[in-house]
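Got your viewer open? Let's take a walk through this model, one selection at a time.

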Amino acid sequence: MNQTPRKLCRILAFIMAACVILWVCHALSRPKDQGSFPQSTNESIFGQANNAKQFSSGMLEETSSFMEPDSLSLETSGEFEQLKQELFEQLVSSNYLTQHAYFQDPEASGLIPCYPSFWDLSEMGWYSYSQIIKSLKLQLDAIDKTLLNHDQQFFYDLLSQYADWELAWEGMEHFLLLQYLSPDKGLMVTIPQKLNAFPFRTRQDVEDYLVLLSDLPRLFNDLTALCQEAAKEQLTFTDQWIQDASASCAPYSLTPEHNSLVASFSLRLSQLSELTPEEIAAYEARNQEAVTEYVIPAYQKLGQEIRM
């Protein structure tokens with residue numbers, strides 16, 4: 001594909017941003033009693049110095065001030081912790097696959113349960129996401145970073161850079177096709193991997209999974225719309241890239257008897273002890289019907305759209 005070095009740099013920046021937000025969500029999801037970071041370097045040094053009495057009385061006063069923040073610092077720290085928590089809840093409450101992977105009972109964790117669906121790549125979806133990032137940026141700008149502790153300042157810088165990266169992509173969503181339609185790591189490849197690893201903990205998980213399959217045509221339609229927007233911006237791909245991307249859809253365009261989503265479903269279903277043999281057979285029939293009605297046509301259509 002014909003791309004300038006500047007555009008390639010922006011692409012790399014997006015990939016870095018995606019890695020950052022996944023790491024942030026993982027860190028924010030850790031229980032508070034475990035702590036997000038080890039004991040800070042400054043705190044460790046000050047503690048050792050006090051025990052050995054190696055610092056002057058003036059330095060000890062500074063250490064005491066560091067260890068006992070004033071009321072303004074405590075207030076600012078509390079505001080920042082609330083910001084992190086709200087951001088985490090917003091991101092996880094808008095992504096069903098992430099929520100299902102990390103939380104068996106979202107409501108018990110204070111989260112809004114997601115309706116079983118894939119990511120929203122529509123214009124409205126991008127707008128909603130950009131509003132979250134803009135709100136994050138405004139709230140970060142309103143916080144005095146110097147009043148935060150060492151660990152919080154690290155998180156502040158991380159979130160600030162993430163917001164800047166994401167906002168830089170506003171209006172350039174079609175460039176994400178480089179990631180979404182990658183022949184090796186695009187959505188047509190990673191979605192089956194996620195579905196094949198989708199855990200069945202309860203009967204409701206099975207029901208949600210079947211609903212998720214029915215949402216695949218909508219996701220691929222959103223992806224097709226991005227392709228059309230990219231064409232308007234004269235974003236072109238090489239013939240080999242188009243051929244490889246289209247070929248990546250082929251394994252999931254096969255009949256249900258040769259589709260991996262059917263075999264893996266039966267294997268995971270057999271591990272759910274609460275189901276009777278009759279219920280397992282009924283679910284297997286519903287899954288095969290969903291693969292036939294939604295998955296296979298969606299992949300066949302996407303493969304054709306990529307070549308157009």
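Here is a tour that goes from the whole chain to rings and then to a pair of helices.

**Before you click**

You're looking at a predicted model, where local features need pLDDT of at least 70, side-chain atom pairs count only at pLDDT 80 or more, and totals for chains, interfaces and linings use all residues. Residues are numbered from 1 along each chain as its sequence is written, and side-chain values use heavy atoms, leaving out hydrogens and water.

**Stop 1: the whole chain**

Switch to cartoon view: the protein chain has 14 helices and 0 strands. Helices here are DSSP runs (H or I, at least four residues), strands are runs of E (at least two), and numbering starts from the N terminus. Of the 308 residues, 41% are buried; buried means under 20% relative accessible area, exposed over 50%, and partly exposed in between (1.4 Å probe, protein chains only).

**Stop 2: a cluster of rings**

Select Tyr96, Phe198, Phe200, Tyr209 and Phe265, which ring pairs link into a cluster. Rings of Phe, Tyr and Trp (its six-membered ring) pair if their centres lie within 6.5 Å; planes under 30 degrees apart are stacked, over 60 edge-to-face, and the rest tilted. By that rule the count is 11 aromatic pairs. Zoom in on Phe200 and Tyr209, an edge-to-face pair at 5.4 Å centre to centre with 85 degrees between the planes. Phe200 counts as buried because its relative accessibility is 11%, and Tyr209 is buried too, at 0%.

Now add Arg268, which lies over the face of Phe200, 4.7 Å from the ring centre. A charge sits over a ring if NZ of Lys or CZ of Arg is within 6 Å of the ring centre and within 35 degrees of the ring normal.

**Stop 3: a pair across the chain**

Which helices hold Phe220 and Tyr299? Phe220 is in helix α11 (residues 216-232) and Tyr299 is in helix α14 (residues 277-307), 79 residues apart. Their rings are edge-to-face, 5.0 Å centre to centre, with 90 degrees between the planes.

**Stop 4: two helices side by side**

Keep α11 and add α9 (residues 187-196): their axes come within 12 Å and cross at roughly 160 degrees. Axes are lines fitted to C-alpha atoms, for helices over the stretch in contact, and angles run from 0 to 180 degrees between N-to-C directions. So α9 is roughly antiparallel to α11 (under 35 degrees is roughly parallel, over 145 roughly antiparallel, 65 to 115 roughly perpendicular, the rest oblique). Finally, show the side chains of Leu187, Met188 and Ile191 of α9 with Leu216, Leu219, Phe220 and Leu223 of α11, which make the contact (heavy atoms within 4.5 Å).
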